[in-house]
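Let's look at a protein with a ligand and ask how each label is earned.

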Amino acid sequence: MVSDNKTLDKVYTAENHDELMDAYKDWASNYDADTVDHFGYVAHIESAEALNRALDSKDVYILDAGCGTGLVGEELAKRGYTRMDALDYSKEMLVEAEGKKVYKRHIQADLSKKLLVEDNRYDAVVCTGTFTYGHVKAHAFDELVRITKPGGVICFTIREGAYEDYGYRQRMIELEQKNCWELLGMENAEYLKNEGVSCKMCTYRVN
Ligand SMILES: C[S@@+](CC[C@H](N)C(=O)[O-])C[C@H]1O[C@@H](n2cnc3c(N)ncnc32)[C@H](O)[C@@H]1O
C-alpha cells in the first residue's frame, strides 16, 4: 500500500535539512514499496548497471553515498560487488540499509558538509536519487571527488527538472575544467517509470 499523501508531501515540500530528515524518518519503512512498486523507481538498477559498466574489477571498494534503504547496494551485490560502505544522514534510512546486509560500514553523515572520510579512500562512489529537489546541492561533488582515488569512478543521477534548475551542470563543468574529473558518460535514464520522470545518469573518472 502506498504511503499517505502527507508522508510523501513532507519529502517533496521539505524546506530545509531538518524537515527533510524528519520526512525520511516517517518514510523509511515504506520507502521501498512506495518507490519501487508504486512509482516504478528504477534509478537504483540503472545506477548499478552504469557503475558496473565503468568498472573493470569486482574487487573494488565502493561508497553508496545517500544510500537510503540500500536499494543500490542490493543491486551491486547481485552483480558481484562485496566491498561496499553505506552513507546517509537519515538514521532511519540507514537502519533499513543495514537490514539489506550488503554493506560493511554504515556511516551517518551529511553530504552537504565536509565528510570525515580520508582523501582517496574509495575506488568508486555511487550516489543515486540524492541530487534532486530539496536534497543535496552541487557543491557536494567536490567531496565525492576528494574521497575517490585518482582513476576511480563516480556515478550519480540527477533528477530531471532539478538538473535544469539547480546548477548541477555548471559545477560539473567547473570540475572538468579544473581537471578534477573527466566525463565518461551522461545519458538520459528512466527514474520513476510510472510517473514518466527521467534523470541524467552521469559517470566520471577522477583524475
Ligand atoms: C530518494 S533517497 C535515495 C536513496 C537511495 N540511494 C535509492 O536510490 O533508493 C535520497 C536519500 O538521500 C538522503 N539525503 C538527503 N540529504 C542528505 C544529506 N545532506 N546528506 C546525506 N544524505 C542525505 C536521504 O536521507 C535519503 O536516504
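Q: Which element supplies the largest share of the shell around the ligand?
A: That's α2, with four residues. Helices here are DSSP runs of H or I with at least four residues, strands are runs of E with at least two, and both are numbered from the N terminus. By the way, this is a predicted model, where local features need pLDDT of at least 70, side-chain atom pairs count only at pLDDT 80 or more, and totals for chains, interfaces and linings use all residues. Residues are numbered from 1 along each chain as its sequence is written, and side-chain values use heavy atoms, with hydrogens and water left out.

Q: What makes a residue count as near a molecule?
A: One of its heavy atoms has to lie within 4 Å of the molecule. Here 24 residues surround the ligand, with Tyr-41, Gly-66, Asp-88, Asp-110 and Thr-128 the closest.

Q: Why is the link between Tyr-41 and the ligand called a polar contact?
A: A polar contact is a pair of N or O atoms within 3.5 Å. A polar side-chain atom of Tyr-41 is 2.6 Å from a ligand oxygen atom, so the pair fits the definition. Gly-66 uses a backbone N or O atom instead, 2.7 Å from a nitrogen atom of the ligand.

Q: Why is the pair of Phe-131 and Phe-141 called tilted?
A: Rings of Phe, Tyr and Trp (its six-membered ring) pair if their centres lie within 6.5 Å; planes under 30 degrees apart are stacked, over 60 edge-to-face, and the rest tilted. The structure holds 15 such pairs. In this one the centres are 4.7 Å apart and the planes at 50 degrees, so tilted it is.

Terms used:
A polar contact is a pair of N or O atoms within 3.5 Å; within protein, one must be able to donate a hydrogen and the other to accept it, and residues adjacent in sequence count only if both atoms are side-chain atoms.
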